[in-house]
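Hi,

Here is the structure I said I would pass on. Have a look at it first, and then read my notes below.

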Amino acid sequence: MEYNSGIAPATTIEADKAEADGSVTLNWYITAGQALEYNVYYSEDNQPFVLWLPNTVWTMATFMGEAGKSYRFVATSRDRYGNREAFDANKNIKVVFKAE
């Protein structure tokens, strides 16, 4: 018998590099609980976060950035019971795209 604890899953996001030339590979994973789907957000040059990948089952994607800009990324998840991880901008990673 499965049990719904009512506790949302916890997600971590990582980048394959902190400084990129045109693209960066991101991957995200659960550190607590079990995820059914994820939302992945980005912020360009410290602007408000924008939803990039809504309700995805992917755990990896490539992001194409603009030269000379910096981006922050956050991932959240939802489990099969509907428990959603709260968005927390402090759990971001930052990637800087080199100027041309």
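**A buried charge and its partner**

At 11% relative accessibility, glutamate 85 counts as buried, because buried means under 20% relative accessible area, exposed over 50% and partly exposed anything in between (1.4 Å probe, protein chains only). Its partner is lysine 91: the two form a salt bridge, with the closest N and O atoms 2.7 Å apart. A salt bridge here is a side-chain nitrogen of Lys or Arg within 4 Å of a carboxyl oxygen of Asp or Glu. Lysine 91, at 36%, is partly exposed.

Before you go further, two notes on how to read this. This is a predicted model, in which local features need pLDDT of at least 70 and side-chain atom pairs count only at pLDDT 80 or more, while totals for chains, interfaces and linings use all residues. Residues are numbered from 1 along each chain as its sequence is written, and side-chain values use heavy atoms, with hydrogens and water left out.

**The overall layout**

The chain has zero helices and eight strands, so you can read it as β-β-β-β-β-β-β-β, where helices (H or I, at least four residues) and strands (E, at least two) are DSSP runs numbered from the N terminus. Its C-alpha atoms fill a box of roughly 55 × 20 × 20 Å along the principal axes. Of the 100 residues in the chain, 33% are buried. If you take the contacts (heavy atoms within 4.5 Å) with a separation of 6 or more, 61% are between residues 24 or more positions apart.

Strands E3 and E6 run antiparallel and are joined by five bridges; two strands pair if DSSP finds at least two bridges between them. One example to find: serine 23 has methionine 64 in E6 as its bridge partner.

Which side chains of E6 are buried, and which are not? Ala61 and Phe63 point to one face and are buried, whereas Met60, Thr62 and Met64 point to the other and are not. That fits the textbook picture: in a regular strand the side chains alternate between the two faces of the sheet.

**The core**

Next, the inside. A nonpolar core is a set of buried Ala, Val, Leu, Ile, Met, Phe, Trp, Tyr and Cys residues joined through side-chain atoms within 4.5 Å. The largest one has 16 residues, and Ile13, Val24, Leu26, Trp28, Phe63, Phe73 and Phe97 touch the most other members. Strands E3 (23–32), E4 (37–44), E6 (60–64), E7 (70–78) and E8 (93–97) each give two or more residues to this core. Try clicking on isoleucine 13: leaving aside neighbours within four places in sequence, its contacts are Asn27, Trp28, Val40, Phe73, Val74, Ala75, Lys91 and Ile93.

**Rings**

There are 11 aromatic pairs. Rings of Phe, Tyr and Trp (its six-membered ring) pair if their centres lie within 6.5 Å; planes under 30 degrees apart count as stacked, over 60 as edge-to-face and the rest as tilted. Phenylalanine 49 and phenylalanine 87 are edge-to-face, at 5.3 Å centre to centre and 70 degrees between the planes. Phenylalanine 49 is in the loop between E4 and strand E5 (50–56) and phenylalanine 87 in the loop between E7 and E8, so this pair ties together parts 38 residues apart in sequence. Phenylalanine 87 is partly exposed, at 37%.

The rings of phenylalanine 63 and phenylalanine 97 make a tilted pair, because their centres are 6.4 Å apart and their planes at 55 degrees. Phenylalanine 63 sits in strand E6 and phenylalanine 97 in strand E8, so the parts they tie together are 34 residues apart in sequence. Phenylalanine 63 is buried at 5%, and phenylalanine 97 is buried at 2%. Both belong to one aromatic cluster with Tyr42, Trp52, Tyr71 and Phe73.

**Back to the charges**

The count comes to five salt bridges. Lysine 98 and aspartate 21 meet in one of them (3.4 Å, N to O). It links distant parts of the chain: lysine 98 is in the segment after E8 and aspartate 21 in the loop between strand E2 (19–20) and E3, 77 residues apart. Aspartate 21 is exposed at 63%, while lysine 98 is partly exposed at 36%.

Aspartate 45 and lysine 69 form another (3.7 Å, N to O). Salt bridges that share partners join Glu44, Asp45 and Lys69 into one network.

Happy browsing!
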